[in-house]
Amino acid sequence: MRLFRHHSNLPQDARGAVLAIGNFDGVHLGHQAVIAEAKRVAEAAGRPYGVLTFEPHPRQVFRAQEAPFRLTSLRTKTRVLADLGLDLLVVLRFEPDLYTLQAEDFVREVLVEGLAISYVVVGDNFHFGAKRGGSPALLKQMGADLGFGVTLMSKVQAQGRAISSTEVRKLIAAGDLPAAAGLLGRPWEISGRVLHGAKRGRQLGMPTANIDPGGLLQPAFGVYAVRAALDEEGDARWHAAVANIGISPMFAYDRPLLEVHLFDFSGDLYDRQVRVALVERLRPEMAFDGLPALRAQMHADGAEARRVLAAEGQPAIPLVQKVEGD
């Protein structure tokens, strides 16, 4: 998959593509249906296919005061999209030059003159341009006028729910990770660089890799059965693990922290990128009378996480994808 961070001067073999357009936060099964339709159209026409998305998410720009809400960082979203077999991914910077464009200008300047699209696939609630002034109906009309095809996709349902990023967020915030995974098509992940901490886990017999969740959605605080992988080319293993996310009532962290203990693992993880797939919430955060009680609970949590993961099996997510930047 080739990654472009601009819409002009694309190489000739990347122009004329069939593109799915949207924010695609989470890349859930509904998003995947939109992208799959773009692939179907592209294969029938002998065209390259890909995704056009925006960074940062528009909500981060216009509602910056709200709590973190994102399901996927750009790094994770790029990885998941690469797994879908895209030929190209176009990531446009969501800044004033872009979001103040009138809808008609966005179509002409970005889609037609810049990307030379042959076809677009979007959700039937897709709006675009300044103040979201562009509607699906306008896109179809402009496609007819300017020579590109348009397909509008309605929402997909699973588990009796219409699949949406909002619904996935609700499930994760409530701690229902199996239901969220059912809508995502994979376990939900947090990834980040391992920080240096107070090393309390090591003192308690369960050393942890500490990760700041950053701008991602805050899941329900508590202890989780997870799998962890080193986010580096060449490491193709998921490690069974147990994790706590929260502020640790005993130690009163100043911000939420993800603390992950990898079972049967030895090695230095400091400053390395680690992916953590949350499988199941085991319990909420708790306060303890002292370190002996905390230590006993940590080991009990570890045993329960091992049991859950042994029954769950491996997550079906490749660890290494090829992304070529431009």
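1. Let's start with strand 11 and strand 14, which run antiparallel and are joined by eight bridges. Keep in mind that this is a predicted model. Within this pairing, valine 226 stands opposite leucine 278 of strand 14. Strand 11 spans residues 222–230, and strand 14 spans residues 273–283.

2. Strand 14 has another partner to look at. Strand 9 (188–195) also runs antiparallel to strand 14, with six bridges joining the two. Here tryptophan 188 is the residue that stands opposite leucine 278. Leucine 278 is thus a handy landmark, facing valine 226 as well as tryptophan 188. As for cover, eight of the eleven residues of strand 14 are buried, so the strand counts as mostly covered.

3. Which strands make up the closed barrel, and in what order? Six strands form the barrel, running 9-10-13-12-11-14 with antiparallel pairing. From one strand to the next, the twist averages 40°. The pairings described above, 11 with 14 and 9 with 14, are both part of this ring.

4. Elsewhere in the barrel, strand 10 (residues 209–211) pairs with strand 13 (residues 257–262) in the antiparallel sense, over three bridges. If you want a residue pair to find on screen, try isoleucine 211, whose bridge partner in strand 13 is leucine 258.

5. A helix also belongs in this picture. Helix 8 (residues 177–184) lies across strand 9, strand 11 and strand 14. Relative to strand 14, helix 8 runs at about 130°.

6. Next, helix 3 (residues 74–83). Is this helix mostly covered or mostly exposed? It is mostly covered, with eight of its ten residues buried. Those buried residues are Leu74, Thr76, Lys77, Thr78, Arg79, Val80, Leu81 and Ala82. You may like to note that the list includes Lys77 and Arg79, two residues that count as charged.

7. What do the buried residues of helix 3 pack against? Their partners are helix 1 (29–45), strand 3 (49–55), strand 4 (88–93), strand 9 and strand 14. Two of these, strands 9 and 14, are also members of the barrel. After helix 3 comes glycine 85, which has a positive phi, near 85°.

8. The structure holds one cavity of 30 Å³ or more, and the space in the largest cavity is about 40 Å³. Leu71, Thr72, Thr76, Leu184, Arg186, Pro187, Trp188 and Glu189 line it. Several names here will be familiar: Thr76 is among the buried residues of helix 3, and Trp188 is the residue opposite leucine 278. By class, the lining has four nonpolar, two polar and two charged residues.

9. The largest pocket has a volume of about 1,200 Å³. It is lined by 38 residues, and those closest to its centre are Asn23, His57, Asn125, Phe126 and Arg132. Helix 1, helix 2 (58–62), helix 4 (96–99) and helix 7 (165–173) are the elements that each give two or more residues to the lining. The lining residues divide into 16 nonpolar, 14 polar and eight charged.

10. Finally, the chain as a whole. Its secondary structure comes to ten helices and 15 strands. Of its 326 residues, 51% count as buried. Among contacts between residues at least 6 apart in sequence, 74% join residues at least 24 apart.

Technical notes:
Residues are numbered from 1 along each chain as its sequence is written. This is a predicted model: local features need pLDDT of at least 70, side-chain atom pairs count only at pLDDT 80 or more; totals for chains, interfaces and linings use all residues. Side-chain values use heavy atoms; hydrogens and water are left out. On a 1 Å grid over the protein atoms alone, a cavity is a set of points where a 1.4 Å probe fits but cannot get out, and a pocket is an open set with protein on both sides within 12 Å along at least five of seven lines; lining residues have an atom within 4 Å of a point. Grid points are joined across faces, edges and corners, and a volume is the space filled by probe spheres set on the points. Buried means under 20% relative accessible area, exposed over 50%, partly exposed in between (1.4 Å probe, protein chains only). Helices (H or I, at least four residues) and strands (E, at least two) are DSSP runs, numbered from the N terminus. Contact means heavy atoms within 4.5 Å. Two strands pair if DSSP finds at least two bridges between them. Axes are lines fitted to C-alpha atoms, for helices over the stretch in contact, and angles run from 0 to 180 degrees between N-to-C directions.
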